Amino acid sequence: MYFWKLDLLKKQLIAQGLTEAQMFSYMLVYVIFSTIAVELMAYFPHESVDGWTYLTTILNVLIPVVGTMMAFRANGGASGSQFLARYISISLISSIRYLVLVIVMMVPLTIVAIVLQGAFDVFSGPVPDLLFATTYALLYLYIVKHIREVAALQSI
C-alpha cells in the first residue's frame with residue numbers, strides 16, 4: 001500500500017492492478033480518513049447560518065459528485081475497467097497530499113490572524129470558504145488527471 005508515492009501506485013495499476021486485499025486496504029483507509037475528516041468538522045460550528053453557508057454546503061456536495069462523475073468518464077465510463085481500484089487508491093494518496101497542502105496553507109493564515117489580533121477575522125467570511133472550495137475542486141481535477149493517465153496507459 002502506498003501513502004505518498006502516486007507514481008508507484010500508477011505503475012502498479014497499469015501493470016497488474018490491485019488484488020482484492022489491496023483494494024480492501026485502500027477502501028478501509030479511505031473510509032477511516034473520510035470519517036475522521038467529517039467528524040472534525042463538527043468541532044468547528046458556524047455561529048450563524050446564512051446564504052453563504054448554504055452556498056458552501058452546495059459546493060461541498062457538488063464538487064465531489066461532479067468530480068467523481070468526471071473521474072468515471074476519464075476512466076472510460078461504462079467501458080472502463082478497475083474504476084473502484086483506481087478511484088479509491090488515487091483519491092486516498094491525493095487526499096493525503098491535499099491535507100498536507102491545507103495544513104501548509106493554514107500556517108500563513110494563522111500567522112496573519114495572530115498579527116491582526118481581532119482587527120480582522122481571517123477565518124470568517126467568504127475568503128476561507130472560497131479558498132477551500134477552490135482547492136477542493138482542484139483536488140478532484142488532480143484525481144481525474146491521474147485516473148485518465150492510468151486508463152490511457154492501460155489501454156496501450
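Author: Axes are lines fitted to C-alpha atoms, for helices over the stretch in contact, and angles between N-to-C directions run from 0 to 180 degrees. This is a predicted model, in which local features need pLDDT of at least 70 and side-chain atom pairs count only at pLDDT 80 or more, while totals for chains, interfaces and linings use all residues. Residues are numbered from 1 along each chain as its sequence is written, and side-chain values use heavy atoms, with hydrogens and water left out.

Reader: How many helices and strands does the protein chain have?

Author: Helices (H or I, at least four residues) and strands (E, at least two) are DSSP runs, numbered from the N terminus. From that terminus on, the elements of the protein chain run α-α-α-α-α, and its C-alpha trace spans about 60 × 25 × 25 Å along the principal axes. The count for the protein chain is 5 helices and 0 strands.

Reader: Are helices α3 and α5 roughly parallel or roughly antiparallel?

Author: Helix α3 (residues 51-74) and helix α5 (residues 126-154) have their axes 8 Å apart and pack at an angle of about 5 degrees. Angles under 35 degrees count as roughly parallel, over 145 as roughly antiparallel, 65 to 115 as roughly perpendicular and the rest as oblique. The angle therefore makes α3 and α5 roughly parallel.

Reader: By class, how many residues does the contact of α3 with α5 have?

Author: Ala, Val, Leu, Ile, Met, Phe, Trp, Tyr, Cys and Pro count as nonpolar, Asp, Glu, Lys and Arg as charged, and the others, Gly among them, as polar. By these classes, the contact of α3 with α5 has 18 nonpolar, 4 polar and 2 charged residues.

Reader: Which helix gives the most to the largest nonpolar core?

Author: A nonpolar core is a set of buried Ala, Val, Leu, Ile, Met, Phe, Trp, Tyr and Cys residues joined through side-chain atoms within 4.5 Å. The largest has 26 residues, and Leu9, Leu13, Tyr87, Ile90 and Ile143 have the most contacts inside it. Each of α1 (6-15), α2 (20-41), α3, α4 and α5 supplies at least two residues. The most, 9 residues, comes from α4.

Reader: What percentage of the residues of the protein chain count as buried?

Author: Buried means under 20% relative accessible area, exposed over 50%, and partly exposed in between (1.4 Å probe, protein chains only). Ile147, placed in helix α5, is one buried residue, at 0% relative accessibility. Leu55, in helix α3, is partly exposed, with 37%. Of the 156 residues of the protein chain, the share that counts as buried is 29%.

Reader: How far apart in sequence are the parts that the pair of Phe72 and Phe83 ties together?

Author: Rings of Phe, Tyr and Trp (its six-membered ring) pair if their centres lie within 6.5 Å; planes under 30 degrees apart count as stacked, over 60 as edge-to-face and the rest as tilted. The structure holds 6 aromatic pairs, and that of Phe72 and Phe83 is edge-to-face, with 5.3 Å centre to centre and 85 degrees between the planes. Phe72 lies in helix α3 and Phe83 in helix α4 (residues 83-116), so the separation of the parts in sequence is 11 residues.

Reader: Why is the pair of Phe83 and Tyr87 classed as it is, and what is that class?

Author: Phe83 is buried, with a relative accessible area of 18%, as is Tyr87, with 8%. The two are 4 residues apart in helix α4, which means about one helical turn. Their ring centres are 5.3 Å apart and the planes lie at 25 degrees, so the pair is stacked.

Reader: Over the ring of which residue does the charged end of Arg97 sit?

Author: A charge sits over a ring if NZ of Lys or CZ of Arg is within 6 Å of the ring centre and within 35 degrees of the ring normal. The charged end of Arg97 is 5.2 Å from the ring centre of the residue in question, Trp4.

Reader: Which residue has a positive phi although it is not a glycine?

Author: Most residues other than glycine have a negative phi. The residue concerned lies in the loop between α3 and α4 and counts as partly exposed, at 37% relative accessibility. With a phi of about 55 degrees, it is Gln82.

Reader: What distance separates the C-alpha atoms of Ile147 and Ser91?

Author: Ile147 and Ser91 are 56 residues apart along the chain. In space, their C-alpha atoms are separated by 9.4 Å.
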